[in-house]
Every structure is written in structure tokens, then in C-alpha cells.
Amino acid sequence: MTALVLELMIGTDVSAERGGLTVAEFRSFAELVLARAEERGDADAYLFLENGVRGVEPERLSYAGLDRAAKGLAAWLQDRGLTGRQVLLLYPSGLDFLQAFVGCLYAGAVAVPAPLPTEQGRHFQRVSGIVRDARVGAVLTLGKHAPEVEAWLAEEGFSDVLCLATDGFAGDPAAWGDPGLRTDDLAFLQYTSGSTSEPKGVMVSHGNLLANEAAIQRATSGDRNTVLGGWLPFYHDMGLIGHVLQPLWLGSSAVLMSPTSFLRRPERWLELLSEHRVTVSAAPNFAYDMCVRRVSDAHLEGIDLSSWRVACNGAEPVRADTLRAFAERFAPYGFRADTSFPCYGMAETTLLVSGKRPGRPAVLREVDSAGLEAGRLEGPFLQAPTRTLASSGMVHPEDFEVRIVDPETREERPEGEVGEIWVRGASVSVGYWRRPETNAEIFGARIAGAEELGPWLRTGDLGAMERDELFVTGRLKEMVLINGRNIYPYDVESAVRALDPAFGSGAVFAVDTDQEHLVVIHEVRPSALAGQDLKSATSTVQALISREFAVPAGNVLLVRPGTVRRTTSGKIQRTLMRKLFLDGAVTPLHAVLDPAVRELVGSFELEPVG
Amino acid sequence: MTVPTGRPATVREHTVETLSEWIANRISLYLKRPADEIASNVPLAEYGLDSVAALSLCGDIEEDFDLVLEPTVAWDYPTIDALAGYLVEELRATVGEA
């Protein structure tokens, strides 16, 4: 499928008018970077400001510098037989990651970017799962983290996994040899899917990467003068594909800072955009919301956001309220109404699938609430409750085909009706690493009555098309998306159960107010709680969730054993539990609820303990 | 819309009471809850404090009190009372050094 669509693209040469960039020019992303290094030489590829502070001189990495460092690293990887093998990248945000990533591409190794476990209270547990699943041959990191990484590798019994601290490492660029990559060769594995216990790595090929960078350029009207920038983590698909690799595709540059710096002081993001005249910057919805709530007028003195053309808002549900509030708050500082760029995509499609049309504001569609619940975009009707949906924009036919399909019958749904979003195109991955059965189901779906069209990706997201705009309305799968992160209910339920033998089954799901809220319903035997009352047991659960999963845990209900429904085969019925909860039909022994969620549910009775 | 900062005047004036009020106001902003609903002796995690909010709090403490803290303080001192007590001590130590 991938090869076929690529061939079609060669014929159309759609991006020629924008600087002559075409996917067909390059067989691999490595080849593209080599060509850019040749053309751009000493021009800046990346500027990095750890804390994004105004007036501070950034660290710089030129195209030539990137090329040299990457070749030195690639020679080391090739010398150790790591061509075609997986190489884990454990770095904080910074220039070292960029050199290591391109080093892997140059060596023909398969990069596996992951969050550095020591940052923000993360643990090695998840990366251990990745090392095992990906069959990693080496870990690249920084000198200051190498002792901890080596101790972890030894402890887990990964004795054959090499570890190299790449800062201060001077390889021999002249010893590098072109591995002669093809479009079907893997560029990297993106581990954003799957639970901690069973991580799933999306296989992104060089062809996928080239195709999606072309798609992003088309959607955001990028060219050599585009300045990318922002604070997204480099191991996250939106940061990696959008901020880190797009400038290499364009032959332009990016100005980057660390996520923690943004979270501490959100105005630093805006300062960075203003000072470096950034034109394209992406973030999940929560970040825009945070700027509205936390950035004061005093912080905004001298801020000029007029260079910002494209403010991508994706990776979690796009809120119409947030778009309006952000545009209103920052209009006096040069932010333009048509800069907000709601978009849709996922690691399985490399990144971007759709985005706002150029030159006009995002489409906001007020629909009838009852109609939407019944699966239709209709209304609004007089005096009936409505909801406002933000369109995730248009799909460029050169890049993707999108269909709305009934997830049960697999028949295509007509315009304006909600169904599962199915996608195909050159950016769509061939599947998850070593998951043939899942891949047949997720990446090999066929539309009933149109089987000959070939395989589609089932996104697990629900949405509808209307006037060629894609509206994402919800999710079919049970994954929860908060603060731009994917939370797997199974992981949370397992962690809670492991807290105390008194805890039984649990059901974890999300409910929606003006933002997404995690709800934890967990069975407990009050008599078995050693020295704890229900209130302190609830606090323990909340502390665990906020600390281990880094999401707000404002909604915990402890319930009597037997309350959490299972199917006859023992599978937890999270969707049913969610419905019961929203209907006020769950009677807890003890509960804490966020005020917004409490409003949603109305009142409910507490069951007397006894 | 403007965002109030509620910046206390000088370091010497800080007490557990003024700092508790300051923390409650910040938490109220991050977690979208009324400040008077946040009890000073209840773990902040119960109100939904997560690592994003903990980093926000550290950033605001740095901005208003010139004190650089790691987000783990929000778990080491899990309530407003505990956190305010810790901040008072830290601020006194800073003044002593100056």
C-alpha cells in the first residue's frame, strides 16, 4: 500500500511550487538530511534555550555541525553492527538528542526515542518494557545519566545492551558509510501506544516520514522562511515530527526549549515565539488553556506574536472555548484569529492527518447535543441544548483518504453521521512492531462492500465529515487523553490494585466537561483495610495516580465488591461503568469528585459502611 | 481578562497564614476550584494536583518568592499547611543568608 501511494505521488509532484520539495527526490530521510547539510552548510538548523528566557543567547547547531556529529555517531553504531537494529534514545530536551537521532538515521539504525526516566518522577519500568519489546541493541544518553542507565541495564539483565554517552564523544565522521536505505526501511519506532505492561511501537519507515513531512508542509504552507519552535518533548510524535524533523524537511530552522520550563512559566513559550519570530508552533489544547489562565499582563510586556502564522492544536481534544479564549486574550499582542490551527493525527499516521484550511479562522460548528449523542451533526435547534465542535480541518487528498465507517458493520457512513475515522495514505505506518494479530485488525481493515479499495487504518477515534471538514467527536477505544498524554485504564487499575490487598477490581475511564477528567471506580473491602479508613484509602489512591501517572486524580469512588461490572469472559466493562456513573447509578462507600464532575453527575447517595 | 498575581510585598512579612492564602489561590487557579473549597490540611492530590500543577506551583513560587524548588516538594509537603510551613522556613533561611 505504502509503495503504491508513493508512486502516485511521484506522478503528481504537488509540492513543486513551494521550493521544489518532493517525496520522490529522496529514498530515505537520511538522504534528505545529507542533501540539506550540503545546501545549508553553516546555517542554523536548531537553536536551543533550556529555559526559553528572553535575552539569553541560545545554544546553536548548524546543518554542518549536525551532519558532522551524526556521521561520527553513525560510524560508531555501524562499527558495532547496529545497522538495522533498534537504538534507544534517553535524553532530556537538547541538541544532543538531535545529533543522536540523525546519527541513527545515518547509520541505518532504528531510533527508539523515549522519555528519560529520571525526569518528572518517571520510572525505568516503562522503558524496560520498551527495551524488551523493541529488542534494543544499544542505549544512547548523556554522560550525567549514563551511570544510572548502566545500573538499570545491569539490574534488568540487559547485559548485551551497549550504552554510550554521546556528549563528549568524538566519533570519526570519515569512517561513516552510506547504508543505502530504501523508503521501506524503518526510521524509528514511536512508543506512544500500549500500556506500560505491553508497550506498542509504531513502525515509522523512511517513506512514511518523508510523506508526512510533505503533508505537514502542505497543511501549514511551510517554506525555507518558516521558523518552527516550541517546548514539546522530542520523544513525543508531535514534538519529533512537527518541531524537530519538519525544519530539516524544509531546510529551515527551529527554536526549541524544554517542556518543564514551559510548565513552570508558560509565558516563556510566548517569549520564545516573540523573540525569535517563530512562525509555526504546536501544543496540545491544555497548553493554550494554561497560557490564558496563568500568563499575566506584566509578563506580556513587549511580547509580539504577529510572526505566528500557525498555532497547531492537537494530540488531545480541541476545545472551541480554548480557541476563543486564547485568541481573545492574545489578540492585543498580535495573535491573529486565523493562526489557531486545530489539527488531527496520531503516531500511527506518523503525525498529521488533517488541519485547518489556510487563510481563514478555524471552523466552529454548533450542533444539537441530543443529535450528537445519537451520532449525527445536526441543528442547532431553537431552545435545545447545543455543543460547539471545533473542526480538525481538511484532509489533503494528495496525502490521505479519510472515511467515516460504522465500527460494527464496517459500512461507510454518510456525510454528517458519526462513525469511526478510517485513514489510508503514504504516511500510514505498516503497523506495530511485532504485533501481527493487532496489525491485521487495526491496520488491515476493509470497508464492507468496498473491500477492493484495500486496507485502512482504524484510528479508534469517532468523528464525522461535513463540507469536507473533519470533526472528531470522541473515542471508541478506552484510552484516556489528559495533558496531551495517553493514559491506559488497565495500567491505572493494576497500580491501584497493587496498593493494598483490600482493593479488588477497578474501572477507569474519562468523562468530559470543559476538559477531560479521569474517574477511578475501585472495589474495596473496608474490613480488610489495615489501619486505614475509607477516606485515607481514597487519599492513597489519589496520591498514587497524581504521582505515578502525572494526571489529576480528583475523582475516586471506592465501592463495595461486586460493583464493577465484568463481561462473562471477565473483561471489565468500562463503557458500562461510565454510563452507570453518569446516570448516578454507582453507589460509593466513599467518594471524592471534582466540582465540575459532581455537577455532571448530580447528587448520589453514599452507601452506609457496615 | 487579567490574571491576579497576589504578590506579597517583602520577604519578612511572610507568615504561614499569608503563604497558605497564596498557595490556596494558586491551586484554585490550576485546578479550577474555588479557593475556599480547598482545606489546608487535606492532601492537595485529593483536589487533583498532578505533576503539571506541581510544576506550575514551583514556577509561581520562583516568580513571586525567588525560591527555586523541585516539583517533588508538592509530595514531600502534601498539604497547604505543610507547604506553607516549609516555605516560611526556606524564606527565613534565604533572608538569613542575605
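**Note on the predicted model of chains A and B**

1. Chain A is divided by the domain assignment into domain 1 (2-355), domain 2 (364-437 + 455-475) and domain 3 (487-601). Domain 2 is thus given in two segments, 364-437 and 455-475. The model is a predicted one, and the points below should be read with that in mind.

2. On the placement of domains within chain A, the centres of domain 2 and domain 3, taken over C-alpha atoms, are separated by 30 Å.

3. Chain A and chain B are in contact, with 27 residues contributed by chain A and 24 residues by chain B. On the side of chain A that touches chain B, two or more residues come from each of α9 (259-264), α11 (285-294), α16 (534-548) and α18 (595-601). Of these, α16(A) supplies the largest share, five residues.

4. As for the composition of that side of chain A, the residues that touch chain B are 10 nonpolar, nine polar and eight charged.

5. Turning to the partner, chain B contains four helices and zero strands. Its pattern along the sequence reads α-α-α-α.

6. Chain B has 98 residues, of which 37% count as buried. For contacts within chain B between residues at least 6 apart in sequence, 52% join residues at least 24 apart.

Conventions. Residues are numbered from 1 along each chain as its sequence is written. Chains are lettered from A and ligands numbered from 1 in the order in which they are written. This is a predicted model: local features need pLDDT of at least 70, side-chain atom pairs count only at pLDDT 80 or more; totals for chains, interfaces and linings use all residues. Domain bounds come from an automatic or database domain assignment. Two residues are in contact if their C-beta atoms, placed from the backbone, lie within 7 Å. Ala, Val, Leu, Ile, Met, Phe, Trp, Tyr, Cys and Pro count as nonpolar, Asp, Glu, Lys and Arg as charged, and the others, Gly among them, as polar. A residue is buried if 20 or more other C-beta atoms lie within 10 Å of its own, exposed if 12 or fewer, and partly exposed in between; C-beta atoms are placed from the backbone.
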